[in-house]
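Biologist: I have a model open and would like to check the labels on it one by one. Could you take me through the reasoning behind them?

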Number of protein chains: 2
Amino acid sequence: MQKLTSAKPTPTAVLHRLSLYHCLLTDWLLASKKGAITSKELASTLGLNEVTVRNDLSFLGETPGKRGVGYSIDGLRQMLGEFLGLPPFAPVAFVGSAKVVSSLFSFFLVEKFGFISAAFFSEDPNDRTAVINGREVQSIEAISPELASMGVNIAVVITHPTWVQHSINLLAQAGVKGILVLTPSVVIEAPEGVHVTQIRIPCDLKALFHRVSLLDQQA
Amino acid sequence: MQKLTSAKPTPTAVLHRLSLYHCLLTDWLLASKKGAITSKELASTLGLNEVTVRNDLSFLGETPGKRGVGYSIDGLRQMLGEFLGLPPFAPVAFVGSAKVVSSLFSFFLVEKFGFISAAFFSEDPNDRTAVINGREVQSIEAISPELASMGVNIAVVITHPTWVQHSINLLAQAGVKGILVLTPSVVIEAPEGVHVTQIRIPCDLKALFHRVSLLDQQA
DNA sequence: TAGATTGTTAATCGATTAACAATC
DNA sequence: TAGATTGTTAATCGATTAACAATC
């Protein structure tokens with residue numbers, strides 16, 4: 001017999017946009033924007049088709065809008081947060097040197113996006129006394145099952161490339177189930193049962209080179 | 001009459017994988033791997049279907065493989081580089097504070113991926129005397145048409161969120177045609193004729209929260 | 001009731017995979 | 001010739017857009 005709980009997983013394209021809507025609505029609420037918005041407004045702000053937006057939102061189960069009116073900014077954000085499995089402040093662990101992780105925080109404003117930095121682990125022995133946001137930076141080897149039992153299931157890896165795989169393995173052993181890898185590293189083994197998302201800065205850059213080189217030829 | 005040069009653009013999914021193959025082959029060559037590889041090897045290393053690999057490579061025009069044999073590592077990398085419009089060392093400009101940009105270089109090894117950091121611009125007035133890789137860090141306002149005329153068409157933006165749009169606008173004025181934005185910023189206006197790629201760390205994280213929350217429910 | 005906007009079903013478009021002939 | 005692996009055409013799958021009925 002099939003598990004009843006596991007309906008089809010949300011398509012990746014849809015899931016990414018739902019996350020994006022959640023970011024946008026959070027932004028609007030922080031800017032004290034109130035009341036209702038239409039799928040048209042949402043779509044045009046993000047450069048999407050309005051049907052795409054409505055279609056995406058239909059994945060939320062209970063229909064979130066009012067015909068003739070639109071969506072409640074506050075209510076829709078709430079529903080999205082719930083669907084995404086986001087607690088009010090979502091705890092994330094960070095693995096990387098103190099310098100790199102604190103630099104990350106100077107362009108990625110974690111709290112504004114609803115996250116909380118819950119733990120820090122560094123591959124650099126010189127970071128044994130380092131502190132970020134008033135919290136001690138620990139050794140990578142200190143990654144342990146306490147992490148997941150404390151409710152930290154998600155981690156960001158931004159170490160030197162030589163430490164990426166080891167970090168992932170330790171996080172997986174500690175019960176972390178979702179890992180975002182920012183370090184460009186061509187081949188990575190994802191441990192069984194762990195979601196590993198790789199950001200590939202070099203590929204994004206090479207793709208841009210291609211697109212731009214075509215422009216040049218036309219000119 | 002239609003422009004003859006502008007055939008259909010390469011589909012984004014294909015283009016990203018072609019860039020990925022280029023990264024992998026570069027890696028293999030740096031590790032002195034020689035000779036031939038098959039689409040099967042390429043695919044299994046990257047967790048892809050081997051037909052996908054062959055299909056992608058068919059976009060290169062002249063067929064790059066030998067039936068019964070496979071692909072020359074060196075030859076294929078060459079063809080990919082040419083298709084992608086990558087010079088031997090591809091110049092990229094970086095916009096962001098000296099601290100953040102130098103931190104970026106400690107987890108993203110630009111040269112290993114075939115790039116050269118060609119210019120630095122910082123939004124931070126304290127960076128007026130800063131130097132990265134022996135090159136002076138300039139003010140954002142110093143971004144000028146010289147950039148593009150020097151052959152720098154691609155830039156990475158990793159400033160504080162408040163400076164993202166301004167940086168993009170200045171780069172566009174300077175003739176930069178491809179911009180990769182690493183700073184999470186929900187809404188960005190892409191100037192006419194400029195390719196802007198946004199990396200969305202918060203969305204990737206929120207998507208992971210969703211996937212992981214489903215695992216919890218099943219357990 | 002009229003106007004607006006949602007939610008859903010159908011149609012199109014793009015991307016992936018399978019099947020197979022071509023050829024080294 | 002036999003074995004291997006490519007390149008291409010066809011079939012499937014997923015994602016986007018269009019059309020329209022439902023309803024606030």
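**Reading the labels**

Modeller: Gladly! Let us start with the surface near DNA strand C, where the residues divide into 6 nonpolar, 11 polar and 6 charged. Please keep in mind that this is a predicted model.

Biologist: Which residues are closest to DNA strand C?

Modeller: The strand is surrounded by 23 residues, and the closest are S39(A), G65(A), Y71(A), R17(B) and R67(B). Of the strand atoms that come within 4 Å of the protein, sugar and phosphate account for 64%.

Biologist: What makes the approach of S39(A) to a phosphate oxygen of DNA strand C a polar contact?

Modeller: An N or O atom in the side chain of S39(A) is 2.7 Å from that phosphate oxygen. The cut-off is 3.5 Å between N or O atoms, so the pair qualifies. T63(A) also reaches a phosphate oxygen, at 3.4 Å, and that value is within the 3.5 Å limit too. R54(A) addresses a base nitrogen instead, at 3.0 Å from a side-chain N or O atom.

Biologist: Why is the pair E50(A) and R54(A) called a salt bridge?

Modeller: Their closest N and O atoms are 3.3 Å apart. The rule asks for a Lys or Arg side-chain nitrogen within 4 Å of an Asp or Glu carboxyl oxygen, so this pair passes. Both residues lie in helix α3 of chain A, 4 residues apart, about one turn of the helix.

Biologist: Why is E50(A) called partly exposed?

Modeller: Its relative accessibility is 30%. Buried means under 20% and exposed means over 50%, so E50(A) falls in between. R54(A), at 38%, is partly exposed as well.

Biologist: And how do you know whether D56(B) is buried or exposed?

Modeller: D56(B) has a relative accessible area of 2%. That is under the 20% limit, so D56(B) counts as buried. Its side chain meets that of R17(B) in a salt bridge, 2.6 Å from N to O. This pair links distant parts of the chain, with D56(B) in helix α3 and R17(B) in helix α1 of chain B, 39 residues apart.

Biologist: How many salt bridges cross the interface of chain A and chain B?

Modeller: The rule finds 0 there, while the count over all chains comes to 4. The interface has 15 residue pairs in polar contact, both residues at pLDDT 80 or more. On the side of chain A that touches chain B, helix α8 gives the largest share, 16 residues.

Terms used:
Residues are numbered from 1 along each chain as its sequence is written. Chains are lettered from A and ligands numbered from 1 in the order in which they are written. This is a predicted model: local features need pLDDT of at least 70, side-chain atom pairs count only at pLDDT 80 or more; totals for chains, interfaces and linings use all residues. Side-chain values use heavy atoms; hydrogens and water are left out. A polar contact is a pair of N or O atoms within 3.5 Å; within protein, one must be able to donate a hydrogen and the other to accept it, and residues adjacent in sequence count only if both atoms are side-chain atoms. Helices (H or I, at least four residues) and strands (E, at least two) are DSSP runs, numbered from the N terminus. A residue is near a molecule or strand if one of its heavy atoms lies within 4 Å of it. Ala, Val, Leu, Ile, Met, Phe, Trp, Tyr, Cys and Pro count as nonpolar, Asp, Glu, Lys and Arg as charged, and the others, Gly among them, as polar. Buried means under 20% relative accessible area, exposed over 50%, partly exposed in between (1.4 Å probe, protein chains only).
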